[in-house]
Every structure is written in structure tokens, then in C-alpha cells.
Amino acid sequence: MEEIKDTFLHPVVPLDFQNNYRVGAYLQRYLDGFREKKILGAKCSQCGRVVVPPRKYCGACNLVMEEFVELPQEGTLENFTVGHVTLEKGQLNRADAPYVIGMVRLEGASNSLLAKLDVAPADVKTGMKVKAVWKDQVEGEYTDLDCFQPA
């Protein structure tokens, strides 16, 4: 097997800054749902598409989506990759262990969520059923939805 360290680039980009970024009404409602361990999507009244995280306009109809729907906690892993590095403040670092991130389509959703998966890289398979895992203490933050694991 090829020596991994020879394949890494080590770019350093100064990304250490603070900002006050407002997520907008739709993403705020999505994050408010996290306080109750709910995953919310927006449903188009014309075509019925459900997008998660919710967004204001339907990409197919270009209509304002005003209905919010709760999606189930389970879905299907559509694709994945295994990570070997982490990015922190512009610095690539070797991960402590390989990890899996993937695209999860929740039942009833028209698109997929990018999510961390709690599954060994050797055991992950496209098409596997997964379920959401929440942190014990939720605060309405993106990190409240900790990961997905096999259902």
C-alpha cells in the first residue's frame, strides 16, 4: 500500500476569524426543530417536493415554499466517502482514525443531507438504512444532530 503521507498537500489558509452570520428564517426554523430533535423540511405546494434543510424557493417550480414538514429520523445512505484528514483553521491534519461522511436521503425527502456516519469504513455500504443520532443535550445548533448510524 502506498505511503499516505506522500499524497497529502499541506495548504495553510488563514481562516481564523469571527463573524456574525444570520442563517435566515428557513434555516433558523430548521435549527429550532433540532431543539426538539426534529428534522424539518419545506414542502412545495405545487409539485410536492420536500427539501431538507428547508429553503424558501422550490428549485423545480420557483415558488415560495411555506409549508414545513417533519421528516422521519431514518433514511438511506446514497453515497459516501472515507475521510483521512481534517481541516481546522485552514490546516489539514491527519485524522485520528478514518471516518465516514455520506449523503443520506431521509424518507419522504426529495434531496439528501450531508452527514457524518457512525459506522466503520469496512462496514459502510451504499443503500444501507441509517437513523439519526442526537446529542443528549440539544441547543438548536447544527452539531445537535451528531451523526447517522445503521438502523
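# Working through a predicted fold

Of the 24 residues in the largest nonpolar core, Ile-39, Leu-106 and Phe-148 touch the most other members. Keep in mind that this is a predicted model. Grab a pencil and let's go.

## Exercise 1: The core

**Task.** Find out which elements each supply at least two residues of the largest nonpolar core, and list what Ile-39 touches beyond its neighbours up to four places away in sequence.

**Solution.**

Step 1. Start with the core and its 24 residues. At least two residues each come from H1, strand E3 (67-71), strand E5 (91-106), E6, strand E7 (129-134) and E8.

Step 2. Now zoom in on Ile-39. Setting aside residues up to four places away in sequence, Ile-39 touches Tyr-30, Val-52, Val-69, Glu-70, Leu-71, Pro-72, Gln-73, Leu-106, Ala-132, Trp-134 and Leu-145.

Step 3. Don't stop at one core. Another one, of 5 residues, lies apart from the largest, and its members include Ala-42, Val-51, Cys-58 and Met-65.

## Exercise 2: The whole chain

**Task.** Work out how many helices and strands the chain has, in what pattern they follow each other, and what share of the residues counts as buried.

**Solution.**

Step 1. Count the elements: you should get 1 helix and 8 strands.

Step 2. Read along the sequence and write down each element as you meet it. The pattern is α-β-β-β-β-β-β-β-β.

Step 3. For burial, the cut-off is under 20% relative accessible area. Of the chain's 151 residues, 30% count as buried.

Step 4. Check the contacts too. Take those with a separation of 6 or more: residues 24 or more positions apart account for 53% of them.

## Exercise 3: The largest pocket

**Task.** Describe the largest pocket: how much space lies in it, and which residues lie nearest its centre?

**Solution.**

Step 1. The space in the largest pocket comes to about 330 Å³.

Step 2. Its lining has 13 residues, and Leu-114, Ala-115, Lys-116, Tyr-142 and Leu-145 are the ones nearest the centre.

Step 3. Trace the lining back to its elements. Helix H1 (25-34), strand E6 (113-117) and strand E8 (145-150) each give two or more residues.

Step 4. Sort the lining by type, and you end up with 10 nonpolar, 1 polar and 2 charged residues.

## Exercise 4: Salt bridges

**Task.** The structure has 4 salt bridges. Look at the pairs Lys-38 with Glu-36, Arg-105 with Glu-78, and Lys-116 with Asp-146, and say what each one joins.

**Solution.**

Step 1. Take Lys-38 and Glu-36, whose side chains meet at 3.2 Å, N to O. Lys-38 is partly exposed, because its relative accessible area is 28%. Glu-36 reaches 54% relative accessibility, so it counts as exposed.

Step 2. Next come Arg-105 and Glu-78, at 2.8 Å, N to O. Arg-105 sits in strand E5 and Glu-78 in strand E4 (residues 74-88), so this pair ties together parts that are 27 residues apart in sequence. Both ends are partly exposed: Arg-105 has 30% relative accessibility, and Glu-78 has 34%.

Step 3. Finish with Lys-116 and Asp-146, at 3.9 Å, N to O. Here strand E6 holds Lys-116 and strand E8 holds Asp-146, 30 residues apart, so the pair links distant parts of the chain. Lys-116 is partly exposed at 44% relative accessible area, and Asp-146 is partly exposed at 29%.

## Exercise 5: Glu-67 and its surroundings

**Task.** Is Glu-67 buried, partly exposed or exposed, and which residues is Glu-67 in contact with, leaving aside neighbours within four places in sequence?

**Solution.**

Step 1. Place the residue: Glu-67 belongs to strand E3.

Step 2. Its relative accessible area is 41%, so Glu-67 is partly exposed.

Step 3. Without the neighbours within four places in sequence, the contacts of Glu-67 are Gly-41, Ala-42 and Lys-43.

Step 4. Add a distance. Ser-45 is 22 residues from Glu-67 in sequence, and the two are 7.5 Å apart in space, C-alpha to C-alpha.

## Exercise 6: Backbone oddities

**Task.** Which two residues does a cis peptide bond join, and where do Lys-37 and Asn-62 lie?

**Solution.**

Step 1. The cis bond joins Val-52 and Pro-53, with omega about -10 degrees. Pro-53 belongs to the loop between strand E2 (50-51) and E3.

Step 2. Lys-37 is not a glycine, yet its phi is positive, near 55 degrees. You'll find Lys-37 in the loop between H1 and strand E1 (39-43). With 33% relative accessibility, Lys-37 counts as partly exposed.

Step 3. Asn-62 also has a positive phi, about 60 degrees, although it is not a glycine. Asn-62 lies in the loop between E2 and E3, and a relative accessible area of 58% makes Asn-62 exposed.

Methods:
Residues numbered from 1 in each chain as written. Predicted model: local features only at pLDDT ≥ 70, side-chain atom pairs only at ≥ 80, totals over all residues. Heavy atoms only, no water. 1 Å grid on protein atoms, 1.4 Å probe; cavity = no way out; pocket = protein on both sides within 12 Å on 5 of 7 lines; lining within 4 Å. Points joined across faces, edges and corners; volume = space filled by probe spheres on them. Helix = DSSP H or I, 4+ residues; strand = E, 2+ residues; numbered from the N terminus. Nonpolar A, V, L, I, M, F, W, Y, C, P; charged D, E, K, R; others polar. Core = buried A, V, L, I, M, F, W, Y, C linked by side-chain atoms within 4.5 Å. Buried < 20%, exposed > 50% of the residue type's maximum accessible area, 1.4 Å probe, protein only. Contact = heavy atoms within 4.5 Å.
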